[in-house]
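This report describes one protein chain and the ligand bound to it. Look over the sequence and the structure before reading on.

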Amino acid sequence: MSKLLVANWKNHPKTEAEAVALARASDMRGIVVCPPHEFVREVGVVLEYAALGAQDYAPDLAVVGARYAIIGHSSRRSEGETDDIISEKIGLTAADGLIPILCVGETEGSHIRGEADVIVRWQVASGLSRLHKNRDAALCITYEPVWAISIHAGAHEATVTYAEARIACIREAVMHSGHRGVVTYLYGGSVTSANAGLFAGSAEFSGLLVGGASLQTEEIRKIWQQLQK
Ligand code: PGA
């Protein structure tokens with residue numbers, strides 16, 4: 001089965017015309033395109049095969065045809081978004097009928113102190129804590145070690161084995177949460193066409209969340225190809 005590719009454009013591109021052009025180039029089945037909020041509507045109009053996603057919860061997402069929303073991304077956590085706010089947004093997203101993409105992962109300091117497993121277990125338990133009315137909701141959970149995001153350099157790249165061990169903890173935390181819906185597990189953190197195959201080849205991951213490389217049309221195509229089986 002093909003795996004999922006979530007394209008997280010972050011603050012790029014800068015103009016609507018560029019966003020529409022990038023959306024056309026990314027319009028392939030199995031991709032979730034997550035543009036900046038100001039372009040969500042226009043990008044949604046263009047997509048035929050890819051699904052529309054957003055980078056955060058917003059009340060108007062279902063109306064513009066979005067099917068996914070990234071919640072708890074490390075950039076928001078670092079700006080002060082708390083676990084409590086994240087769990088509320090997960091609940092709201094699911095209640096609106098969208099699939100939340102919960103991001104979890106330890107910071108560099110926690111990584112060095114060996115606290116990764118405790119952190120991801122807590123982030124999952126807390127993130128899913130307001131889903132009691134939507135116990136059967138479909139979810140994605142992305143493991144993104146914060147120290148491996150946006151570096152594109154060898155020194156801090158997470159290995160597949162390292163990421164697989166954290167996913168095992170995440171799966172356990174989901175089981176303990178009592179969530180019954182289908183959960184899709186993703187990996188994110190400096191994924192490019194050079195390492196996508198390694199993570200995509202792991203049975204533990206059903207997809208990838210790609211930031212920087214998703215802005216390059218050649219890269220997104222090459223990564224997508226590695227997710228097709
Ligand atoms: P990156 O971003 O692929 O540029 O590291 C990942 C993300 O969006 O979290």
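Where does the ligand sit?

## Site of the ligand

The model shown here is predicted. In this model the ligand occupies the largest cavity. Around the ligand there are 14 residues, and those that come nearest are H73, E144, S150, S190 and G212.

The shell around the ligand can also be sorted by residue type. Eight of its residues are polar, four are nonpolar and two are charged.

## Polar contacts

Which residue has a polar backbone atom 2.8 Å from an oxygen atom of the ligand? That residue is G212. For G211, a backbone N or O atom is found 2.9 Å from an oxygen atom of the ligand. K10 takes part through its side chain, where an N or O atom lies 2.9 Å from a ligand oxygen.

How much of the ligand's accessible area does the protein cover? On its own the ligand has 280 Å² of accessible area, and the protein covers 99% of this.

## The loop between β1 and α1

K10, whose side chain has the contact described above, is placed in the loop between β1 and α1. Its phi is near 50°, which is a positive value in a residue other than glycine.

P13 is found in this loop too, with β1 covering residues 4-8 and α1 covering residues 16-25. The peptide bond that leads from H12 to P13 is cis, and its omega is near -15°.

## The chain as a whole

Nine helices and eight strands make up the secondary structure of the chain. The C-alpha trace spans about 45 × 40 × 35 Å along its principal axes.

What radius of gyration would a compact globule with 229 residues have? The value would be near 17 Å. The chain has 16 Å, so its radius of gyration agrees with that of a compact globule.

Methods: Residues are numbered from 1 along each chain as its sequence is written. This is a predicted model: local features need pLDDT of at least 70, side-chain atom pairs count only at pLDDT 80 or more; totals for chains, interfaces and linings use all residues. Side-chain values use heavy atoms; hydrogens and water are left out. A residue is near a molecule or strand if one of its heavy atoms lies within 4 Å of it. A polar contact is a pair of N or O atoms within 3.5 Å; within protein, one must be able to donate a hydrogen and the other to accept it, and residues adjacent in sequence count only if both atoms are side-chain atoms. Accessible areas come from the Shrake-Rupley method with a 1.4 Å probe; for residues, only the protein chains shown count as cover. On a 1 Å grid over the protein atoms alone, a cavity is a set of points where a 1.4 Å probe fits but cannot get out, and a pocket is an open set with protein on both sides within 12 Å along at least five of seven lines; lining residues have an atom within 4 Å of a point. A molecule sits in a cavity or pocket if more than half of its atoms lie within 2 Å of its grid points. Ala, Val, Leu, Ile, Met, Phe, Trp, Tyr, Cys and Pro count as nonpolar, Asp, Glu, Lys and Arg as charged, and the others, Gly among them, as polar. Helices (H or I, at least four residues) and strands (E, at least two) are DSSP runs, numbered from the N terminus. The radius of gyration is taken over C-alpha atoms; the globule rule is 2.2 Å times the number of residues to the power 0.38.
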